[in-house]
Amino acid sequence: MAKKLMVAGLTLLMLPGPALADCFRADQDSGRIEFTGVVEGHAFTGEFGEFEVSLCMSGPDLTAAEIRVVVKTASADTGNRQRDNELHGENFFHVEKYPEAIWESDTIRAGTEGFVADGTLTLRGITADQAVRLSLSDGAPPILSGSAEVLRLDWNVGTGDEDFEDTDFIGNRVDLAFELQFVGDATPTD
């Protein structure tokens, strides 16, 4: 029996497998994820102070990459204590129940300006499609920048109060922008 297992293991090692990927990571120390919203017709900006991003590529082609972003919702900071308390509360991010927002790429395609990553965003327990525009520098390690337009009500962000759900009072669209300086990661995937 042991001999058969050893032969099976050696056979598996000899089979060609998928190419190992180069993986990079970024976080709040090497990049920024910012957001812009509108309240009563006035724009405000904020940023997430804690997040992790991984980018795995098996070559220089971004369309073959896999990207995963994990944001700590409680790290959302607009520089206004009252607004931030509301943002972290039950009607918006509900950070105690949903401490993380996660975006993962499904496919990445070349667009008219840079690339477009089609993926899914999980926020407040809801997973839905969310596209992100991307561009990647030629440097090593690379710099990834981009943007997205998130419709907050698709994830029940700003619900439970008719004023918050009124898109004339709080705009439904939230613009995200990011720039991430990646560093090498010692955990390649296959």
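Modeller: A residue is called buried when its relative accessible area is under 20%, exposed when that area is over 50%, and partly exposed in between. The structure discussed here is a predicted model.

Biologist: Is Arg124 buried or exposed?

Modeller: Arg124 is found in the loop between β8 (115-123) and β9 (126-136), and its phi is near 55°, a positive value in a residue other than glycine. Its relative accessible area is 14%, and because this falls under the 20% limit, the residue is classed accordingly. Arg124 is therefore buried.

Biologist: Glu40 also has a positive phi; is Glu40 buried or exposed?

Modeller: Most residues other than glycine have a negative phi. Glu40 departs from that pattern with a positive phi of about 50°, and its place is in the loop between β2 and β3. Its relative accessibility is 55%, and because that value is over 50%, Glu40 counts as exposed.

Biologist: With which residues is Trp155 in contact, leaving aside its neighbours within four places in sequence?

Modeller: Trp155 lies in the loop between β10 (143-151) and α3 (162-165), and with a relative accessible area of 1% it is buried. Among the residues it touches is Ile126, whose C-alpha is 5.8 Å from that of Trp155 although the two are 29 residues apart in sequence. The contact list also takes in Arg124, the loop residue with the positive phi. In full, the partners are Leu121, Leu123, Arg124, Ile126, Ala128, Asp129, Gln130 and Val150.

Biologist: How far apart in space are Ala101 and Lys72, C-alpha to C-alpha?

Modeller: The place of Ala101 is in strand β7, and at 12% relative accessibility this residue counts as buried. Not counting residues up to four places away in sequence, Ala101 touches Val69, Val70, Val71, Thr73, Thr122 and Leu123. Lys72 is 29 residues from Ala101 in sequence, and their C-alpha to C-alpha distance is 6.6 Å.

Biologist: Which residues do ring pairs link into a cluster?

Modeller: The structure holds 3 aromatic pairs, and one of them joins Phe35 and Phe48 in a tilted arrangement, 5.1 Å centre to centre with 50° between the planes. That pair links distant parts of the chain, with Phe35 in strand β2 (residues 31-39) and Phe48 in strand β3 (residues 42-48), 13 residues apart. Phe48 also forms a tilted pair with Phe93, at 6.1 Å centre to centre and 45° between the planes. The cluster is made up of Phe35, Phe48 and Phe93.

Biologist: How many residues apart in sequence are the parts that the pair of Phe48 and Phe93 ties together?

Modeller: Phe48 and Phe93 are both buried, the relative accessible area of Phe48 being 9%. Phe48 lies in strand β3, whereas Phe93 lies in the loop between α2 (81-88) and β7 (100-110), so the pair ties together parts of the chain whose separation is 45 residues.

Biologist: Which residues lie nearest the centre of the largest pocket?

Modeller: The largest pocket has a volume of about 900 Å³ and is lined by 44 residues. By class, its lining has 33 nonpolar, 8 polar and 3 charged residues. The three phenylalanines of the ring cluster are among those nearest its centre, which are Phe35, Phe48, Leu87, Phe93 and Val174.

Biologist: And in the second largest pocket, which residues are the closest to its centre?

Modeller: The volume of the second largest pocket is about 180 Å³. Its lining has 9 nonpolar, 3 polar and 1 charged residues. Of the 13 residues that line this pocket, the closest to its centre are Met57, Pro60, Leu136, Ser137 and Pro142.

Biologist: What is the torsion about the S-S bond of Cys23 and Cys56?

Modeller: The structure holds 1 disulfide, which joins Cys23 to Cys56 with an S to S distance of 2.1 Å. It links distant parts of the chain, since Cys23 is in strand β1 (residues 22-27) and Cys56 in strand β4 (residues 51-57), 33 residues apart. Both Cys23 and Cys56 are buried. The disulfide is right-handed because the torsion about its S-S bond is about 115°.

Definitions and conventions: Residues numbered from 1 in each chain as written. Predicted model: local features only at pLDDT ≥ 70, side-chain atom pairs only at ≥ 80, totals over all residues. Heavy atoms only, no water. 1 Å grid on protein atoms, 1.4 Å probe; cavity = no way out; pocket = protein on both sides within 12 Å on 5 of 7 lines; lining within 4 Å. Points joined across faces, edges and corners; volume = space filled by probe spheres on them. Nonpolar A, V, L, I, M, F, W, Y, C, P; charged D, E, K, R; others polar. Phe/Tyr/Trp six-rings, centres within 6.5 Å; stacked < 30°, edge-to-face > 60°. Helix = DSSP H or I, 4+ residues; strand = E, 2+ residues; numbered from the N terminus. Buried < 20%, exposed > 50% of the residue type's maximum accessible area, 1.4 Å probe, protein only. Contact = heavy atoms within 4.5 Å. Disulfide = S-S within 2.5 Å.
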